[in-house]
Amino acid sequence: MSPKKIVLRFGGDISDKPIIYHLAKDYDLVFNIVKANVDPQKEGTMVLELTGEKYDQGLAFLQSQGVKVQPLTEEVIINKEKCTSCGACTALCPTGALYLHRPSMEVDFNGDDCVVCQLCLKVCPVRAMEVRF
């Protein structure tokens with residue numbers, strides 16, 4: 001079973017609970033925290049890769065705790081017609097999903113490694129990086 005990417009959104013009232021711990025311990029789920037952000041009001045967003053036999057029970061647990069669970073439906077794509085392979089995006093990509101292919105020095109993209117942080121969209125001078133919903 002391959003991991004599924006999901007987005008968790010939670011309020012300050014549950015940000016101090018060991019929710020991810022319970023996913024592993026009680027539901028035997030394997031997780032990878034791909035991206036996490038908690039603002040000063042302790043409201044947060046987390047992107048997880050999650051896999052395991054009790055996946056649905058784990059999601060039900062999250063929802064019972066007040067966590068909003070959504071599948072990661074956004075996808076970053078590279079428009080090869082616009083891309084000039086300047087490499088600006090590769091320097092900021094936190095997962096290495098964008099990289100320079102050697103020896104051609106063309107920008108390549110591995111969408112499976114992308115966490116949709118959208119840093120590449122902000123830095124691309126020719127707007128070759130796009131989000132597809």
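Start with the whole chain on screen: of its contacts with a separation of 6 or more, 66% are between residues 24 or more positions apart. Keep in mind that you are looking at a predicted model.

**Stop 1: the whole chain**

Show the chain as a cartoon and follow the ribbon. You should find 4 helices and 8 strands. Beginning at the N terminus, their order is β-α-β-β-α-β-β-α-β-β-α-β. Now switch to the C-alpha trace, which spans about 50 × 35 × 20 Å along its principal axes.

Next, turn on the surface. The chain exposes about 8200 Å², and 51% of that comes from carbon and sulfur atoms. What share of the 133 residues is buried? The figure is 31%.

**Stop 2: colour by confidence**

Colour the chain by pLDDT. The mean is 90, and 99% of the residues reach 70 or more. Which element has the lowest mean pLDDT, and which the highest? Strand β2, residues 30-38, is at the bottom with 88, while α2 is at the top with 96. It's a handy colouring to check, because predicted coordinates should not be read in detail where pLDDT is low.

**Stop 3: two helices that pack**

Select residues 19-27 for helix α1 and residues 55-64 for helix α2. Two packed helices are described by the angle between their axes and the distance between the axes. Here the angle is about 145°, and the axes are 10 Å apart. As you rotate the pair, look for the right-handed crossing where α1 passes α2.

Now show side chains. From α1, pick I19, H22, L23 and Y27; from α2, pick Q57, G58, F61 and L62. Those residues make the contact between the two helices. How many of the contact residues are nonpolar, polar and charged? The split is 5 nonpolar, 3 polar and no charged.

**Stop 4: V34 and its neighbours**

Go back to strand β2 and click on V34. Leaving aside residues up to four places away in sequence, V34 touches V47, L48, E49 and V115. Try the distance tool on one of these, E49: the C-alpha atoms of V34 and E49 are 6.9 Å apart, although the two residues are 15 apart in sequence.

Is V34 buried or partly exposed? Its relative accessible area is 21%, and buried means under 20%, so V34 counts as partly exposed.

**Stop 5: some unusual backbone spots**

Switch to a backbone view for the last stop. Most residues other than glycine have a negative phi, and most peptide bonds are trans. The next three places go the other way.

- Select D28, in the loop between α1 and β2. Its phi is near 55°, which is positive even though D28 is not a glycine. With a relative accessibility of 58%, D28 is exposed, because the cut-off for that word is over 50%.
- Move to Q118, in the loop between β7 and α4, the helix at 119-123. Q118 isn't a glycine either, yet it has a positive phi of about 70°. Its relative accessible area is 24%, so Q118 is partly exposed.
- Finish at P103, in the loop between β6 (98-101) and β7 (106-109). Zoom in on the peptide bond from R102 to P103: it is cis, with omega near 10°.

How values were computed:
Residues numbered from 1 in each chain as written. Predicted model: local features only at pLDDT ≥ 70, side-chain atom pairs only at ≥ 80, totals over all residues. Heavy atoms only, no water. Axes fitted to C-alpha atoms, helices over the stretch in contact; angles between N-to-C directions. Left-handed = near helix turned anticlockwise from the far one by under 90°. Contact = heavy atoms within 4.5 Å. Nonpolar A, V, L, I, M, F, W, Y, C, P; charged D, E, K, R; others polar. Buried < 20%, exposed > 50% of the residue type's maximum accessible area, 1.4 Å probe, protein only. Areas by Shrake-Rupley, 256 points an atom, 1.4 Å probe, with all protein chains shown as cover. pLDDT = per-residue confidence, 0-100.
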